[in-house]
Amino acid sequence: MDIWKMKKLDAHIHILPEAVLQANSDAEDDFSFAKMAEHKKWMDAYHVEKAIIMPFNDPYVMSMEFTVEKVHENLIRMCEGNPERYVAFADVDVWNKTAEENCEELRKVLKHPCMKGIKLHPNNTEMNIDDAYNDGIFELARKLNVPIAIHSYPAGYRSRNQEDFSAPKRILAMQRRHPETTLIISHCGGFQWEDCLNLNAYYDISAILPDWVEDFGITETEKIMRQFGLEKLFFATDWPFSRSLKPEEIYPRYMEILGKMNFTEVELAGLLCQNLEEVLGTV
């Protein structure tokens, strides 16, 4: 069993539109790595067949016109130009739109075949995930039968602040109001992962996997993953972003970590691609 060569779907990555990259060509942060051509090299090297491009809930990052409509145009353009490699989740803009206006835009954009769900990033919007503003979005996701991916890595490395915008206890409060909406918890609640165990949800291991290993080691991290239920976990990296790794270190480190764990081939196949396929259908 060679994990490096096994089929993979990356459930959480970031790529910026070319116009945004060009406008910020002098940037020297991780955003400057968020290029499709660069990501494709990592896909080819590590047998990642497809990846989900996630937005930021911040139109100033994903467009030069600074509107959620243009963000969606950019996401669709990137996916349509590479339909065999990329799909995307839809964005929201809480700063400039009412909840009803966001839902209207979501109804339109989610008709496109490359759009597979909705992304909510409470820490970027500075709005609690259980705010009433989000009720309509959760209900819309239920009606359209699409998942909501929720950023849950409370701000501050190793944060235990349960009042954080994205704290798992807030997600639980929201799920109690919308029990039929499918949820994907991105980053597994960070270091509040134990509070996620009360949720009925799926989880992507983006960003958090190397951070857990840094703190707990390989063996304990595997135990944590098994507590979630391996059938509920999705392989994901958050490329090119990480709190502990450089962009070029992310895929190699993920393979190194997962390769050292005592997963069966069946368990790995589920984690790396099949679990996500069962939730999204044909990706």
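## Inside the fold: a cavity, two cores and some odd backbone

The largest cavity in this structure has a lining made up of N57, V92, V94, L120, H121, P122, T125, M127, I129, Y133, N134 and I137. Keep in mind that this is a predicted model. Below is a quick tour of that cavity, the nonpolar cores, the cysteines and a few backbone spots worth a look on screen.

**The cavity**

- Counting cavities of 30 Å³ or more gives 1 cavity.
- The volume of the largest cavity is about 60 Å³.
- Sort its lining by residue type and you get 8 nonpolar residues, 4 polar ones and no charged ones.

**V92, one of the lining residues**

- V92 is part of the cavity lining, and you'll find V92 in the loop between β3 (86-90) and α5 (99-109).
- Its relative accessibility is 1%, so V92 counts as buried.
- Skip the neighbours within four places in sequence, and V92 is in contact with N57, V68, N102, L106, I118, K119, L120 and I137.
- Among those contacts, N57, L120 and I137 also turn up in the lining of the largest cavity.
- For a sense of distance, V92 and L75 are 17 residues apart in sequence, and their C-alpha atoms are 13 Å apart in space.

**The nonpolar cores**

- The largest nonpolar core has 86 residues, and the members touching the most other members are I118, M225 and L258.
- Helix α10 (residues 208-228) supplies the largest share of this core, with 7 residues.
- Another core lies apart from it, with 14 residues, including F89, F234, L276 and L280.
- Back in the largest core, L258 is one of the residues that touch the most other members. Leaving out neighbours within four places in sequence, L258 is in contact with I3, L209, M225, F235, F263, L271 and L272.
- I118 links two of these topics: I118 is among the residues with the most contacts to other core members, and I118 is also in contact with V92.

**The cysteines**

- If you're looking for disulfides, the count is 0.
- C196 is in no disulfide, and the nearest cysteine sulfur, in C188, is 6.8 Å away.
- C196 has 0% relative accessibility, so C196 counts as buried.
- Why is the sulfur of C273 not in a bond with that of C188? The closest cysteine sulfur to C273 is the one in C188, but at 18 Å that is too far for a bond.
- C273 is buried too, because its relative accessible area is 5%.

**Backbone oddities**

- As background, most residues other than glycine have a negative phi, and most peptide bonds are trans.
- Which form does the peptide bond from W239 to P240 take, cis or trans? The bond is cis, with omega near 5°.
- P240 sits in the loop between β8 (233-234) and α11 (250-260).
- D238 is found in that loop between β8 and α11 as well. D238 is not a glycine, yet its phi is positive, at about 70°.
- Is D238 buried or exposed? D238 is buried, because its relative accessible area is 8%.
- F66 also has a positive phi, near 65°, and is a residue other than glycine.
- Look for F66 in the loop between α3 (59-62) and α4 (68-80).
- F66 has 33% relative accessibility, so F66 counts as partly exposed, whereas D238 is buried.

Conventions
Residues are numbered from 1 along each chain as its sequence is written. This is a predicted model: local features need pLDDT of at least 70, side-chain atom pairs count only at pLDDT 80 or more; totals for chains, interfaces and linings use all residues. Side-chain values use heavy atoms; hydrogens and water are left out. On a 1 Å grid over the protein atoms alone, a cavity is a set of points where a 1.4 Å probe fits but cannot get out, and a pocket is an open set with protein on both sides within 12 Å along at least five of seven lines; lining residues have an atom within 4 Å of a point. Grid points are joined across faces, edges and corners, and a volume is the space filled by probe spheres set on the points. Ala, Val, Leu, Ile, Met, Phe, Trp, Tyr, Cys and Pro count as nonpolar, Asp, Glu, Lys and Arg as charged, and the others, Gly among them, as polar. A nonpolar core is a set of buried Ala, Val, Leu, Ile, Met, Phe, Trp, Tyr and Cys residues joined through side-chain atoms within 4.5 Å. Buried means under 20% relative accessible area, exposed over 50%, partly exposed in between (1.4 Å probe, protein chains only). Helices (H or I, at least four residues) and strands (E, at least two) are DSSP runs, numbered from the N terminus. Contact means heavy atoms within 4.5 Å. A disulfide is a pair of cysteine sulfur atoms within 2.5 Å.
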